[in-house]
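Here's a quick briefing to read with the model open beside you. It goes through charge pairs, ring pairs and nonpolar packing, topic by topic.

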Amino acid sequence: MLYTMFFHTFELLNYYFSRQQIMKKNPKKEKKATNFVLLKSKTEIFELQEFHDYMDINHPNRKIRRDEIQEFPHTTFKELLESTTNKSKFEDDFWGKFKGITSVPYVLRGTKTDFGYAPKEVEIGYFIPKTQLKITNEKEWLDKSFNLFYGCMVNRTTFVVEENEDKLKISLFRFNKKRSVGHKYFAKYSDDIHITFNRKTKNFFITISKFFNRKRQTSTFKNSFKHLLQEIMRLEIKDLSPQTLKELKKVITTKLGINFSIKKGLGTGLAHSICEWYIKVRKIKVPNNYFGYLVNHYPGIRKLKKFKMNLGRTILNEKELTGRRYIKLINTGEYNLTDLKKLERIFGKKYFSLIPKHFLKFTNDAIDSKYSSPFDILPAQKHLTKYEKLNLIKVLGTLNSNSITNFISLLVDHIRIQGQLWSFNDKVRIKAKTLNQFNEEHEEWANLIHLYERNDETQYHYDSEFIKIMEEPLSQNGEEYDVKVLKNDLEYFEEGQTQKHCVRTYLNTYSSIIISIRETNNTINRMTCEFKHATGVPHDDLGFDRMKDYNLPRPVQSRLKFNALPVEETWKELNKKINKRFMKYCNTHKLIKPKIEVHNKVSGHKRMVDIKNNGIEAFDFVGNDLPF
């Protein structure tokens, strides 16, 4: 009897453990939550453009001669030309209309280079448009899209809101398919963005999925306010109809219990709603105007818990800004915390409280972010006396809203020049009490630098190809502009004298490329541009984070006379053109640092500057990314 009971017990135990082993090898799959679609809308735009079934054998980049036009092989064009009374005007109108909008026929991909695949040369010519690009219906698009003499494209936008027990997901699917005239195959591109609110874990997720060149890349980010700025706030309201927006507002209000407004755009409305939901479910104490502080300085839940979920005190602690003055400031509005830190390093905590509040409100010198670059780190300026600080505070009181934005950089630059003069044993002090006096003092100090260094002649020897490309003239609104790369101390001094700024002091930093854009008919009317050499190696093939772009060759700043920003449309466009030219050169050529030769006029001695660590030899209080 006992033996039988023991045997049955052993069998039961053996069955139990064997069952456990099977379950471990084949775990039971969790039942996937069912998603219910709350809102869905889809819009499609079909575009077609018809081209002639013949080609122009002349390359569009080549100047077309009159005799070549007369020998144009198509009969219809000849008849049009012969029937026109003003043949010369007709030719100009015809080629002016079609020269810039011709399309390349189908060609195979060329050899692979460092910048992708180089296209093969086209020998058979270029298609000429027969009609303008037009929006059509789906039926006509399907009928004509496979004709090789049509260029076609379709843009589809699908917006979906769905939920299950724990999650609410907002998805935007953007799809594009196009085929150029003469090409055999369609190129496809998709860009999908998903915002997921997890009500159980109290987190939000941003998923970005892109399909391009037959490859898909998908990334998901948890509580990423950085991607909230870079991706969500770029969404445009044109993707949704008014009815869809009305229904979306109702869904967000009902399901998440927060407000949703599109007064500033779809992306901005969603970003504010996400922030409002997050601080609500996480019970975070925030200032009245909290949005900028949250998205730019979000410290993480762990750090928030140390300060009892108080956002203001947490981010101030991260920036090492302590005191009631700072708490009172962030509770009354949005301020640039990076700029506040710079000002504290200059004036100290004691005199910071005397800085006019309207100046603090409009400073926009540095990118306000918890990710700080090396150029934003400013050591404490302990050499400044009490009277110098009080004089500078008086200068701040005389600034208007236009001069406030870039004044911190100008102030830091003033202190740097003071340090350079101290290295020549000239203990200058800041005596200016108004903006005009400050500008005069700034120019005087820049001239003193030249006076002390005039026994040295410095010559920059740039790569000849770089000079050739960068010094090609520019044109804007019918005016011609000369481009000049500054190469020696006399050119730096002349530029500073004309522009009334301190570009002369950049001669011995060796890390900058200074380019002057001058109106051909009036060379006094000019703009000074600074560019930087690369200081590091890219981390990956996908590009740099915005805050780490200082490792790459880049445009830094452009200034007009008296350090004024180029706000006029003409100078803004010229600034864009020179920046685009510089970046194009860096993408197609290796940017080589110049050879720098210094000749002493008294001793006759010549030396080549060692440009390791950017070759900075001058006495320096702070970094060199400063206004002129």
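Let's start with a charge pair: arginine 216 makes a salt bridge with aspartate 192, and their closest N and O atoms sit 3.9 Å apart. The two come from distant parts of the chain, with arginine 216 in strand E10 (residues 215-222) and aspartate 192 in strand E8, 24 residues apart. Keep in mind that this is a predicted model.

**Salt bridges**

- Arginine 216 is partly exposed at a relative accessible area of 46%, whereas its partner aspartate 192 is buried at 10%.
- In total, the structure has 23 salt bridges.
- Another of these joins arginine 199 to glutamate 163, with 3.2 Å between the closest N and O atoms. Arginine 199 is in the loop between E8 and E9 while glutamate 163 is in strand E6, so this pair ties together parts 36 residues apart in sequence.
- Buried or exposed: where does glutamate 163 fall? With 13% relative accessibility, glutamate 163 counts as buried, because the cut-off for buried is under 20%. Arginine 199, with a relative accessible area of 29%, is partly exposed.
- Lysine 487 and glutamate 471 also form a salt bridge, and here the closest N and O atoms are 2.9 Å apart. Both ends sit in loops: lysine 487 between strand E13 (479-485) and helix H20 (489-499), glutamate 471 between helix H19 (464-470) and strand E12 (474-476), so parts 16 residues apart in sequence get tied together.
- In this pair the lysine is the buried partner: lysine 487 has 16% relative accessibility, while glutamate 471 is partly exposed at 23%.
- There's also a network, in which salt bridges with shared partners join Glu494, Glu495, Arg518 and Arg526.

**Aromatic pairs**

- How many aromatic pairs does a search of the whole structure find? The search turns up 20.
- Take phenylalanine 146 and phenylalanine 186, which pair edge-to-face with 5.7 Å from centre to centre and 75 degrees between the planes. Phenylalanine 146 belongs to the loop between helix H5 (138-144) and strand E6 (150-163), and phenylalanine 186 to the loop between strand E7 (167-179) and strand E8 (187-198), so the pair ties together parts 40 residues apart in sequence.
- Phenylalanine 146 counts as exposed at 61% relative accessibility, and phenylalanine 186 is partly exposed at 23%.
- Phenylalanine 204 and tyrosine 278 make an edge-to-face pair too, because their ring centres are 5.7 Å apart and their planes stand at 90 degrees. Phenylalanine 204 is part of strand E9 (residues 203-212) and tyrosine 278 part of helix H8 (residues 266-282), so the rings tie together parts that are 74 residues apart in sequence.
- Both of those residues are buried: phenylalanine 204 has a relative accessible area of 0%, and tyrosine 278 has a relative accessibility of 0%.
- Ring pairs also link up into a cluster made of Tyr460, Tyr462, Phe466, Tyr492, Tyr510 and Tyr585.

**Charges over rings**

- Arginine 416 sits over the face of tyrosine 506, at 5.0 Å from the ring centre.
- Lysine 386 does likewise with tyrosine 387, at 5.9 Å from the ring centre.

**Nonpolar cores**

- As background, nonpolar side chains in soluble globular proteins tend to be buried together.
- The largest nonpolar core here has 86 residues, and the members that touch the most others are Phe347, Phe359 and Phe407. Helix H17 (residues 407-423) supplies the largest share of this core, with 9 residues.
- Which residues does phenylalanine 359 contact, leaving aside neighbours within four places in sequence? Its contacts are Leu343, Leu396, Leu399, Ile404, Phe407 and Ile408.
- Another core lies apart from that one, with 34 residues, including Leu474, Tyr492, Met527 and Leu574.

**One glycine to look up**

- Glycine 397 lies in helix H15 (residues 386-397) and counts as partly exposed, at 45% relative accessibility.
- Glycine 397 and lysine 433 are 36 residues apart in sequence, and their C-alpha atoms are 9.2 Å apart in space.

Terms used:
Residues numbered from 1 in each chain as written. Predicted model: local features only at pLDDT ≥ 70, side-chain atom pairs only at ≥ 80, totals over all residues. Heavy atoms only, no water. Core = buried A, V, L, I, M, F, W, Y, C linked by side-chain atoms within 4.5 Å. Buried < 20%, exposed > 50% of the residue type's maximum accessible area, 1.4 Å probe, protein only. Helix = DSSP H or I, 4+ residues; strand = E, 2+ residues; numbered from the N terminus. Contact = heavy atoms within 4.5 Å. Phe/Tyr/Trp six-rings, centres within 6.5 Å; stacked < 30°, edge-to-face > 60°. Lys NZ or Arg CZ within 6 Å of the ring centre and 35° of its normal. Salt bridge = Lys/Arg side-chain N within 4 Å of Asp/Glu carboxyl O.
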